[in-house]
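Please look through the sequence and the structure shown below before reading on. The briefing that follows takes up one topic at a time.

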Amino acid sequence: LEKVLKIKSESKRKLKHTLPMLLFRGSMTGIIIAIAVLLAKVSGPVLGGVFAMFPAAFLGTIIVTHFAHGKDFSSAVMKVAILTGVSVIAFVVFVRFSFVPLGLILGTIVSLLGSWLIGYGVHLFVKKKMI
């Protein structure tokens with residue numbers, strides 16, 4: 001994304017949290033989650049899990065960072081957020097195939113470790129490309 005779409009990385013920015021900003025963020029996130037739950041009820045558990053993760057995490061992040069810091073900062077944040085989505089999807093896949101044979105506790109541990117390994121691999125790949 002840095003090279004192809006010319007999305008530059010940006011450094012951390014300080015932000016003063018105000019009550020109206022927190023109320024806006026909470027309301028917006030609540031609405032996104034309510035829509036995701038509604039879609040999960042209509043579409044079933046598998047697609048419901050996808051709707052629960054992507055709209056709440058990505059749409060909320062895009063809107064909040066855009067209003068707080070502008071388009072360029074929001075683009076830079078989403079560049080990293082897309083990569084974190086890979087580890088979340090890996091976790092869901094591991095859960096799908098580990099919970100039934102291994103049970104809730106061991107399946108969760110296996111899923112977390114698998115997700116971490118995939119996420120770390122993506123991190124190493126991206127770090128290598130950025131050097």
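**An aromatic pair on a helix**

In this predicted model, Trp116 has a relative accessible area of 52%, and because exposed means over 50%, Trp116 counts as exposed. Its partner in what follows is Tyr120, which counts as partly exposed at 40% relative accessibility.

- The count of aromatic pairs comes to 1, and the pair is formed by Trp116 and Tyr120, whose rings are stacked with 5.4 Å from centre to centre and 5° between the planes.
- Trp116 and Tyr120 both belong to helix H4, and because they are 4 residues apart there, about one helical turn separates them.

**The chain as a whole**

- The protein chain contains 4 helices and 0 strands, so that, read from the N terminus on, its elements follow the order α-α-α-α.
- Of the 131 residues in the protein chain, 21% count as buried.
- The protein chain exposes about 9,500 Å², and carbon and sulfur atoms supply 76% of that area.
- Among the contacts in the protein chain with a separation of 6 or more, 55% are accounted for by residues that stand 24 or more positions apart.

**A nonpolar patch on the surface**

- A nonpolar patch on the surface is formed by Val86, Phe94, Leu102, Leu104, Ile105, Leu106, Ile109, Val110, Leu113 and Ile118, which together have about 860 Å² of accessible area.
- The elements that give two or more residues to this nonpolar patch are helix H3, covering 71–102, and helix H4, covering 104–130, and H4 gives the most, with 7 residues.
- Leu102, one of the residues in the patch, has its place in helix H3, and with 39% relative accessibility Leu102 counts as partly exposed, because that value lies between the 20% below which a residue is buried and the 50% above which a residue is exposed.

**Ser98 and its surroundings**

- Is Ser98, a residue of helix H3, buried or exposed? Ser98 counts as buried, because its relative accessibility is 4% and buried means under 20%.
- The side chain of Ser98 reaches the backbone oxygen of Gly107 at 3.2 Å, and the side chain of Ser98 also makes a polar contact with the side chain of Ser111, at 3.2 Å.
- When residues up to four places away in sequence are not counted, Ser98 touches Gly103, Gly107, Val110 and Ser111, and of these Val110 is also listed in the nonpolar patch on the surface.

Notes
Residues are numbered from 1 along each chain as its sequence is written. This is a predicted model: local features need pLDDT of at least 70, side-chain atom pairs count only at pLDDT 80 or more; totals for chains, interfaces and linings use all residues. Side-chain values use heavy atoms; hydrogens and water are left out. Patches are made of residues with over 30% relative accessible area and no salt bridge: like charges are joined within 9 Å, nonpolar side chains (Val, Leu, Ile, Met, Phe, Trp, Tyr) within 5 Å. Accessible areas come from the Shrake-Rupley method with a 1.4 Å probe; for residues, only the protein chains shown count as cover. A salt bridge is a side-chain nitrogen of Lys or Arg within 4 Å of a carboxyl oxygen of Asp or Glu. Buried means under 20% relative accessible area, exposed over 50%, partly exposed in between (1.4 Å probe, protein chains only). A polar contact is a pair of N or O atoms within 3.5 Å; within protein, one must be able to donate a hydrogen and the other to accept it, and residues adjacent in sequence count only if both atoms are side-chain atoms. Contact means heavy atoms within 4.5 Å. Rings of Phe, Tyr and Trp (its six-membered ring) pair if their centres lie within 6.5 Å; planes under 30 degrees apart count as stacked, over 60 as edge-to-face and the rest as tilted.
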